[in-house]
Amino acid sequence: MAEGVPPAVLARRPLFAVGSRKTAGSPPALAAETAVAMSYGGSSHAVLMATPADLVDFAYGFSLTEGIIRHPDEILSVEIVAFETGIDLQIALAEDRSAELAARRRSMAGPVGCGLCGLEGIEAAMRPVPSVEDDRFSMTADDIDRAMTALSGLQPLFAETRAVHGAGFYRPDKGMTAVREDVGRHNALDKLIGALAREQMAARRGAFVVTSRLSVEMVQKAAIAGAPVLIAVSQPTALAVETAEKAGITLVASARGDGFSVFTHGARIKS
């Protein structure tokens with residue numbers, strides 16, 4: 001951990017408790033949340049509220065899912081700079097990536113009050129995603145149950161705080177091979193994607209498993225990473241289902257140990 005980065009978990013007593021919680025012995029742990037800036041070439045690109053853990057993975061995953069890089073080798077270095085008010089991830093890009101990002105920033109700059117300033121943001125939010133066409137991957141209902149059980153047992157921050165999301169990568173032949181946590185569900189998935197990229201682990205060989213609802217952004221990130229299956233403990237939005245259908249992703253929802261629902265590309269789930 002870089003010098004000055006706050007811990008991911010903090011101890012804090014409540015002012016008072018009601019009912020059975022009055023007898024709670026040890027102080028509860030709270031999940032830390034801090035501002036994290038993604039900076040490229042000395043300029044801040046985005047600021048997110050996040051858990052201050054696995055920050056290098058976060059830098060890689062965010063850069064990949066936002067289309068700033070196409071391959072992890074295009075990041076030359078990540079420096080974690082901690083301030084009293086937050087953390088700056090100073091990311092150095094390969095020359096061609098840096099030039100392309102600078103050009104993108106210039107194209108987004110426009111006169112204030114032009115009436116079309118939101119167009120770029122809307123197009124980015126509804127961006128087309130790559131198609132996950134590999135139908136060779138499959139998993140069983142038992143695999144899905146095992147994946148959810150494994151994820152719940154590999155979330156130390158959640159065990160301490162009950163206040164963070166988890167994202168895991170499950171392979172039927174190897175089990176749960178990576179897990180990342182964050183107060184934000186998008187951040188947790190970005191951290192996982194960054195971890196896989198840094199370890200050169202192909203997402204197409206397994207399933208993403210998340211503890212959150214399935215919004216369209218989660219499907220977009222899974223598609224960019226190339227994961228053929230996305231499993232969640234909660235329900236998807238209608239747009240998430242539509243996007244998964246177009247992207248060729250198998251969407252599995254409401255996976256809570258007593259069954260699940262498959263919304264798209266069900267051929268990958270075998271009996």
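Arginine 146 and aspartate 143 both belong to helix 4, which spans residues 141-152. They stand 3 residues apart, about one turn of the helix. In this predicted model, the two side chains form a salt bridge, with the closest N and O atoms 3.0 Å apart. The partners differ in burial class. Aspartate 143 is buried, with a relative accessible area of 7%. Arginine 146 is partly exposed, at 46%.

A salt bridge within a helix also occurs in helix 8 (residues 238-247), where lysine 246 and glutamate 242 are 4 residues apart, or about one helical turn. Their side chains meet at 3.2 Å, N to O. Lysine 246 counts as exposed, at 63% relative accessibility. Glutamate 242 is partly exposed, with a relative accessible area of 41%. Elsewhere, salt bridges that share partners join Asp54, Asp57, Arg180 and Arg198 into one network.

Within that network, the side chains of arginine 180 and aspartate 57 meet in a salt bridge of 2.8 Å, N to O. Arginine 180 lies in strand 9 (residues 175-182) and aspartate 57 in helix 1 (residues 55-65), so the pair ties together parts that are 123 residues apart in sequence. Both residues are buried. The count of salt bridges in the model comes to 11.

Arginine 185 presents another case. This residue is placed in helix 6 (residues 185-198). Arginine 185 is buried yet has no salt bridge. The nearest side chain of opposite charge belongs to glutamate 217, 4.6 Å away. A salt bridge requires a distance within 4 Å. The side chain of arginine 185 does make a polar contact of 3.4 Å with the side chain of serine 215. Beyond four places in sequence, arginine 185 touches His165, Ser212, Arg213, Ser215 and Met218.

Met218 is also one of the buried residues of helix 7. That helix covers residues 216-225, and 7 of its 10 residues are buried, so helix 7 is largely enclosed by the rest of the structure. The buried set consists of Val216, Met218, Val219, Gln220, Lys221, Ala222 and Ala223. It thus includes the polar residue Gln220 and the charged residue Lys221. Just after the helix, glycine 226 takes a positive phi of about 95 degrees.

The protein chain contains 8 helices and 14 strands. Of its 271 residues, 45% are buried. The largest nonpolar core has 48 residues. Phe208, Leu230 and Ile249 have the most contacts inside this core. A second, separate core of 17 residues includes Met139, Tyr170, Ile231 and Ile269. Contacts across the chain often span long stretches of sequence: among those between residues at least 6 apart, 51% join residues at least 24 apart.

Alanine 31 illustrates such contacts. The residue is found in strand 2 (residues 29-31). Alanine 31 is partly exposed, with a relative accessible area of 23%. Its C-alpha atom is separated by 6.3 Å from that of alanine 163, although the two residues are 132 residues apart along the chain. Leaving out residues up to four places away in sequence, alanine 31 touches Ala8, Thr161, Ala163, Val164 and Val183.

Glutamate 74 sits in the loop between helix 1 and strand 5 (75-83). At 16% relative accessibility, glutamate 74 counts as buried. Apart from neighbours within four places in sequence, glutamate 74 is in contact with Ile69, Ala92, Leu93, Ala94 and Arg97.

Confidence varies along the model. The protein chain averages a pLDDT of 90, and 89% of the residues score at least 70. Over residues 110-119, pLDDT stays under 50. For this segment the model has 1 contact beyond four places in sequence. Where pLDDT is low, the predicted coordinates should not be read in detail.

How values were computed. Residues are numbered from 1 along each chain as its sequence is written. This is a predicted model: local features need pLDDT of at least 70, side-chain atom pairs count only at pLDDT 80 or more; totals for chains, interfaces and linings use all residues. Side-chain values use heavy atoms; hydrogens and water are left out. A nonpolar core is a set of buried Ala, Val, Leu, Ile, Met, Phe, Trp, Tyr and Cys residues joined through side-chain atoms within 4.5 Å. Buried means under 20% relative accessible area, exposed over 50%, partly exposed in between (1.4 Å probe, protein chains only). Helices (H or I, at least four residues) and strands (E, at least two) are DSSP runs, numbered from the N terminus. A polar contact is a pair of N or O atoms within 3.5 Å; within protein, one must be able to donate a hydrogen and the other to accept it, and residues adjacent in sequence count only if both atoms are side-chain atoms. Contact means heavy atoms within 4.5 Å. pLDDT is the predictor's confidence in each residue, from 0 to 100.
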